[in-house]
Amino acid sequence: MSKIIYVAGGCFWGIEKYFQMVKGITFTECGYANGNIENPKYEELKKGIATHAEVVKLEYDDGKISLNNILEHFFELVNPFTLNEQGIDKGIQYRSGIYCINDEDFKEAKAFFEHMQTFFEEKIVVSVEPLQNYYRAEEYHQDYYNKKPECLESCPLFKKS
């Protein structure tokens, strides 16, 4: 069965590229979620006019990958301890969050992060919230690293050590 979850963890280009490579993810799309205005533009996020998070909409086949497994990938991918910041990206649009479209997923995501917190003294600051609104990002943000593979090495998620 096809399901949807929205994940935010810094710049959406790298998050999207990563999840495009995960078996069971059937569709990805960059967008803006849980903010203050309708149809925000990227420039409005950069200027602080819009308060949305940069998110990636993930459609997945729950017969091939579970929400819990997606959350495990997410937890390994982002720094769950930094507020409004991932690597060099700083600002509220880069906050980490999971945005759910139903109560079942919300409860599962909350339980996942509560469980993960038991392994760390440092506070996990990933927010888990119901999805309030979502707007597809501008076309140039979609599949960014597939369109510009030469830029991938500059993404902190894919830098070679």
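This is a short talk on the fold, the core and a few individual residues of the chain shown above.

One thing to say at the start: the model is predicted. Let me begin with the overall picture.

The chain has five helices and eight strands. Read from the N terminus, the order is β-α-β-α-β-α-β-β-β-α-β-β-α. Along the principal axes, the C-alpha atoms fill a box of roughly 35 × 35 × 30 Å. For 161 residues, a compact globule would have a radius of gyration near 15 Å, and the chain has 15 Å, so the two agree. If we take contacts between residues at least 6 apart in sequence, 73% of them join residues at least 24 apart.

Now the surface. About 8500 Å² of the chain is exposed, and carbon and sulfur atoms supply 51% of that. Of the 161 residues, 48% count as buried. As for charge, there are 18 positive and 26 negative side chains, and the centres of the two sets lie 4 Å apart.

Next, the inside. Which residues touch the most other members of the largest nonpolar core? They are Ile 5, Val 7, Phe 19, Ile 98 and Phe 113, in a core of 39 residues. Helix H3, residues 67–77, supplies the largest share of this core, with six residues. Apart from this core lies another one, of seven residues, including Ala 8, Ala 33, Val 55 and Tyr 134.

Let me take two of those core residues in turn. Phe 19 first. Neighbours within four places in sequence aside, Phe 19 is in contact with Val 7, Ile 25, Thr 28, Leu 58, Ile 70, His 73, Phe 74 and Leu 77.

Phe 19 also belongs to the buried part of helix H1, so let us stay with that helix, residues 12–20. How many of its nine residues are buried? Seven are, and the helix is mostly covered. The buried ones are Phe 12, Trp 13, Gly 14, Ile 15, Glu 16, Lys 17 and Phe 19. You will notice that Glu 16 and Lys 17 are on that list. The cover over the buried residues of H1 includes strands E1 (2–9), E2 (25–33) and E3 (53–61), together with H3 and helix H5 (144–147).

The second core residue is Ile 98, in strand E6, residues 96–100. Its relative accessibility is 0%, so Ile 98 counts as buried. Beyond its sequence neighbours within four places, Ile 98 is in contact with Ile 5, Tyr 6, Val 7, Leu 71, Phe 74, Ala 109, Phe 113, Val 126, Ser 127, Val 128 and Glu 129. From Ile 98 to Trp 13, C-alpha to C-alpha, the distance is 16 Å, with their positions 85 residues apart in sequence.

Strand E6 also holds Ser 96. Is Ser 96 buried or exposed? With a relative accessibility of 4%, Ser 96 counts as buried. Outside four places in sequence, the contacts of Ser 96 are Ala 8, Gly 9, Phe 74, Val 78, Asn 79, Gln 86, Val 125, Val 126 and Ser 127. The C-alpha atoms of Ser 96 and Ala 53 are 8.0 Å apart in space, while the two residues are 43 apart in sequence.

Last, three asparagines in loops. Asn 34 is in the loop between E2 and helix H2, which spans 42–46. Asn 39 is in the loop between E2 and H2 as well. What is the sign of phi at Asn 34, a residue other than glycine? Phi there is positive, near 50°. Asn 39 is not a glycine either, and has a positive phi of about 50°. On accessibility, Asn 34 stands at 8% and counts as buried, whereas Asn 39 stands at 47% and counts as partly exposed.

The third is Asn 133, in the loop between strand E7 (127–130) and strand E8 (134–136). Asn 133 has a relative accessible area of 15%; the cut-off for buried is under 20%, and Asn 133 is therefore buried. Leaving out residues up to four places away, Asn 133 touches Tyr 32, Ala 33, Asn 34, Gly 35 and His 52. So Asn 34 comes up again here, as a contact of Asn 133. The C-alpha atoms of Asn 133 and Glu 38 are separated by 8.4 Å, with the residues 95 apart along the chain.

That is the end of the talk.

Key:
Residues numbered from 1 in each chain as written. Predicted model: local features only at pLDDT ≥ 70, side-chain atom pairs only at ≥ 80, totals over all residues. Heavy atoms only, no water. Core = buried A, V, L, I, M, F, W, Y, C linked by side-chain atoms within 4.5 Å. Buried < 20%, exposed > 50% of the residue type's maximum accessible area, 1.4 Å probe, protein only. Helix = DSSP H or I, 4+ residues; strand = E, 2+ residues; numbered from the N terminus. Contact = heavy atoms within 4.5 Å. Rg over C-alpha atoms; globule rule 2.2 N^0.38 Å. Areas by Shrake-Rupley, 256 points an atom, 1.4 Å probe, with all protein chains shown as cover. Lys, Arg positive; Asp, Glu negative; His and termini not counted. Charge placed at Lys NZ, Arg CZ, Asp CG, Glu CD.
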